[in-house]
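Subject: Structure handover

Hello,

Here is the structure I promised to pass on. Please open it beside this message; my notes follow below.

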Amino acid sequence: MSTRQYLHGAMESAGGTAHVLFGGQRETAVARTLSGAGHPVILVTAYEVSPGPFLQVVRLPAVPPNQRAVLEAVVLQALVARTAERAGIDVEEFVFHHDDTKVPVL
């Protein structure tokens, strides 16, 4: 969701979870607010941001928006893969079985 929506909704009910934020100055401020309140935060940004006890920073190069979107997708895919690995989940396997949407194996 956009930072504006997050600031005026989801952030108020945040708790017991990690936050992954993508962006610049405004998102850095949100990341500092959340991490300052003890919430684990991963900030993906092209800005120089110092990490903290609850703030991890993934620094991307400053590139045009279309290239940034690709880099952000790579970071998110790596995060999902690592999270699945730590949870003992094969990222390539389905969690739920749906009889009506799968093609039978021949």
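A helix here is a DSSP run of H or I with at least four residues, numbered from the N terminus. By that rule, Arg 68 and Glu 72 both sit in helix H3, four residues apart, about one turn of the helix. More on that pair below. One caveat before the rest: this is a predicted model.

**Overall layout**

The protein chain has three helices and three strands. Along the sequence, the pattern reads α-β-α-β-β-α. Of the 106 residues in the protein chain, 22% are buried.

**The sheet**

The three strands form an open sheet in the order E1-E2-E3, with parallel pairing. Strand E1 (19–22) and strand E3 (55–59) are the edges, each pairing on one side only. From one strand to the next, the twist averages 15°.

Strands of a sheet pair through backbone hydrogen bonds, either parallel or antiparallel. In this model, E1 and strand E2 (residues 41–45) run parallel and are joined by four bridges. Two partners are worth picking out. Leu 21 has Leu 43 as its bridge partner in E2. Val 20 has Ile 42 as its bridge partner in E2.

Which side chains of E1 are buried, and which are not? They alternate along the strand. His 19 and Leu 21 point to one face and are buried. Val 20 and Phe 22 point to the other face and are not. Leu 21 and Val 20 both come up again below.

**The core**

In soluble globular proteins, nonpolar side chains tend to be buried together. The largest nonpolar core in this model has eight residues: Leu 21, Val 30, Ala 31, Leu 34, Val 41, Leu 43, Val 49 and Leu 55. Helix H2 (25–36) and E2 each supply at least two residues of this core. H2 gives the most, with three residues. Leu 21 and its bridge partner Leu 43 are both members of the core.

Another residue of H2 to look at is Ser 35. Is Ser 35 buried or exposed? Its relative accessibility is 13%, so Ser 35 counts as buried; the cut-off for buried is under 20%. Ser 35 and Pro 53 are 18 residues apart along the chain, and their C-alpha atoms are separated by 7.7 Å.

**A nonpolar patch on the surface**

Val 20, Leu 76, Val 80 and Val 91 form a nonpolar patch on the surface. Together they have about 290 Å² of accessible area. Val 20 is on the face of E1 where the side chains are not buried. Leu 76 lies in helix H3 (residues 65–86). At 38% relative accessibility, Leu 76 counts as partly exposed, because that class runs between the 20% and 50% cut-offs.

**Salt bridges**

How many salt bridges does the structure hold? There are three.

- Arg 59 and Glu 48: the closest N and O atoms are 3.0 Å apart. Arg 59 lies in strand E3 and Glu 48 in the loop between E2 and E3, so the pair ties together parts that are eleven residues apart in sequence. Arg 59 is partly exposed, with a relative accessible area of 46%. Glu 48 is exposed, at 67%.
- Arg 68 and Glu 72: this is the H3 pair from the top of these notes. Their side chains meet at 3.4 Å, N to O. Arg 68 is partly exposed, with a relative accessible area of 37%. Glu 72 counts as buried at 19% relative accessibility, since the limit is under 20%.
- Glu 85 and Arg 82: the closest N and O atoms are 2.8 Å apart. Both residues lie in helix H3, three residues apart, about one turn of the helix. Glu 85 counts as exposed at 53% relative accessibility. Arg 82 is partly exposed, with a relative accessible area of 44%.

**Where to look**

For a quick pass, begin with the sheet order E1-E2-E3. Then view the eight-residue core, to which H2 gives three residues. Then turn to the surface patch of Val 20, Leu 76, Val 80 and Val 91. Finish with the three salt bridges.

Best wishes

Notes: Residues are numbered from 1 along each chain as its sequence is written. This is a predicted model: local features need pLDDT of at least 70, side-chain atom pairs count only at pLDDT 80 or more; totals for chains, interfaces and linings use all residues. Side-chain values use heavy atoms; hydrogens and water are left out. Two strands pair if DSSP finds at least two bridges between them. Axes are lines fitted to C-alpha atoms, for helices over the stretch in contact, and angles run from 0 to 180 degrees between N-to-C directions. A nonpolar core is a set of buried Ala, Val, Leu, Ile, Met, Phe, Trp, Tyr and Cys residues joined through side-chain atoms within 4.5 Å. Buried means under 20% relative accessible area, exposed over 50%, partly exposed in between (1.4 Å probe, protein chains only). Patches are made of residues with over 30% relative accessible area and no salt bridge: like charges are joined within 9 Å, nonpolar side chains (Val, Leu, Ile, Met, Phe, Trp, Tyr) within 5 Å. Accessible areas come from the Shrake-Rupley method with a 1.4 Å probe; for residues, only the protein chains shown count as cover. A salt bridge is a side-chain nitrogen of Lys or Arg within 4 Å of a carboxyl oxygen of Asp or Glu.
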